[in-house]
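Hi,

Here is the structure I promised to pass on. Have a look at it first, and then read my notes underneath.

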Amino acid sequence: MSMKQLNEECGVFAVSGNPEAATLTYYGLHALQHRGQESAGIATLTEDGKIICVKGEGLLTEVFADPKKLQSLVGATAIGHVRYPTNSSRGVINAHPIVLSTTDETIAIAFNGALTNSDELKVRLEKEGSVFHSSGETELLGHLLRRCTGTFLERLKQSLLQIEGAYSYTVLHDSGLYVARDPHGIRPLSMGQMPSGGYVFASETCAFDIVGAAFVRDVEPGEVITIDNGEVISSFLETERTHALCMMEYVYFSRPDSDLEGKNVHAVRKRSGIELFKEAHIDADIVIGVPDSSISAAIGYAEASGLPNEMGLIKNRYIGRTFIQPTQELRERGVRMKISAISSIVKDKRVILIDDSIVRGTTSKRIASLLRTAGAKEIHMRVSSPIFKYPCYYGVDATNPRELLAQHQKTVEDMRRYIDVDSLAFLSPEGLIKATGHSADRGENCGLCMGCFTNHYPTNIQFNEA
């Protein structure tokens with residue numbers, strides 16, 4: 001199977017049945033800005049069945065800096081997207097929503113995830129006469145839809161059955177809004193309801209709070225939902241369905257105030273810190289967490305150990321997340337700009353440094369250097385997830401094994417020396433699963449995708465270390 005090195009960690013938001021659909025989508029995307037900072041866009045469906053789309057490169061506030069842009073998006077149905085791309089899919093032409101128009105219909109698509117058979121599909125469709133205008137994966141669905149028959153819902157389900165990988169789709173058609181989640185539930189998607197009427201869908205539940213929506217439920221794996229005259233119409237793809245939510249959603253990507261499959265992200269991270277203390281405690285003076293996604297785990301570790309939880313590192317709030325910067329050069333520059341150590345807190349102290357994960361090692365090495373320069377006596381790094389040893393093919397920007405620290409530094413001791421800390425330990429896969437609270441009745445990995453840690457993927461993928 002060919003693996004397309006085109007992976008995104010994005011956020012989707014959708015509204016159906018509310019006259020303020022575009023404004024609600026704008027605020028919903030604002031809550032999801034952490035999931036993608038390269039481009040943003042909103043498309044609405046007007047009363048006469050036309051689709052209007054505004055999108056551009058930059059942060060949401062930059063794309064919609066002119067109030068007239070948001071005001072132009074009329075209609076009671078909308079989809080929106082914030083995006084992080086890879087190098088090969090940058091540019092406004094690849095920003096979402098992707099709008100495809102023909103003589104008889106217009107479709108707008110916003111997508112979160114990564115398709116593992118996109119190369120094969122694109123070759124096949126081009127041989128059948130399709131012409132692609134973007135370099136991303138999202139346009140594939142539009143071309144598949146044109147080759148299927150029946151109602152739009154039937155065509156959508158036929159098309160999704162040809163797609164492999166991880167996805168959460170929001171789709172606008174002249175017949176309304178459609179949302180779909182992949183048969184393994186790898187990427188998150190939830191449904192909420194507005195008190196003033198209408199339904200909303202979002203990659204994370206934190207987006208419901210900002211628009212005043214009440215959480216209804218998670219969209220099920222393999223489920224396709226449309227709204228017909230205010231009624232939720234649910235159906236499922238005729239294929240095997242499992243639960244395999246991406247563990248990195250809990251570890252890193254999602255906001256701490258989001259709930260994923262009934263589990264609060266902050267609570268999971270805090271419990272992972274407690275489990276980390278149980279598995280790998282060492283004598284020290286203070287505990288500090290790498291801001292922001294490691295703060296919850298640091299709280300848990302500190303409470304379990306009885307050590308003070310100090311703010312030894314400060315984050316510049318105006319710098320984006322380094323892990324989802326599109327190039328290694330930008331990631332390294334971002335680390336230098338975004339974090340500084342507080343010398344008066346860490347000087348002459350034995351520091352337990354809590355981080356949520358080590359992927360490339362760039363951030364970890366730089367932070368250790370900052371703490372050394374600030375006068376830390378000892379640095380004991382504790383990571384609240386297992387070793388990120390294998391690629392992710394489902395939407396995390398870590399598809400190239402050559403970029404993974406664990407592929408270069410084969411042992412924990414090798415990694416410790418590279419990062420330059422006095423000791424290094426990782427939470428076990430079992431400890432992380434325990435922290436999530438997921439039960440074993442959902443299979444070996446308890447309904448979670450742990451492929452980047454264990455090399456066991458929910459779809460037919462096997463990474464060969466050789």
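Below are some notes on the nonpolar cores and the cysteines.

This is a predicted model, so local features need pLDDT of at least 70 and side-chain atom pairs count only at pLDDT 80 or more, while totals for chains, interfaces and linings use all residues. Residues are numbered from 1 along each chain as its sequence is written, and side-chain values use heavy atoms, with hydrogens and water left out.

The largest nonpolar core (buried Ala, Val, Leu, Ile, Met, Phe, Trp, Tyr and Cys residues joined through side-chain atoms within 4.5 Å) has 44 residues, and Met247 and Met248 touch the most other members. Buried here means under 20% relative accessible area, with a 1.4 Å probe and protein chains only. Among the elements that each supply at least two residues of this core are strand S14 (245-246), helix H8 (247-253), helix H9 (265-280) and helix H16 (429-436). H8 gives the largest share, six residues. Helices (H or I, at least four residues) and strands (E, at least two) are DSSP runs, numbered from the N terminus.

Leaving aside residues up to four places away in sequence, Met247 touches Leu432, Ile433, Thr436, Leu448, Cys449, Met450 and Phe453 (contact: heavy atoms within 4.5 Å). Another core, of 27 residues, lies apart from the largest one and includes Val15, Ala22, Val63 and Met194.

As for disulfides (cysteine sulfur pairs within 2.5 Å), the structure holds zero. Cys392 is buried, at 7% relative accessible area, and its sulfur is 5.5 Å from the closest cysteine sulfur, in Cys246, too far for a bond. Cys446 is also buried, at 8%; the closest cysteine sulfur to its own is in Cys449, 13 Å away, again too far for a bond.

Best wishes

Notes: Buried < 20%, exposed > 50% of the residue type's maximum accessible area, 1.4 Å probe, protein only.
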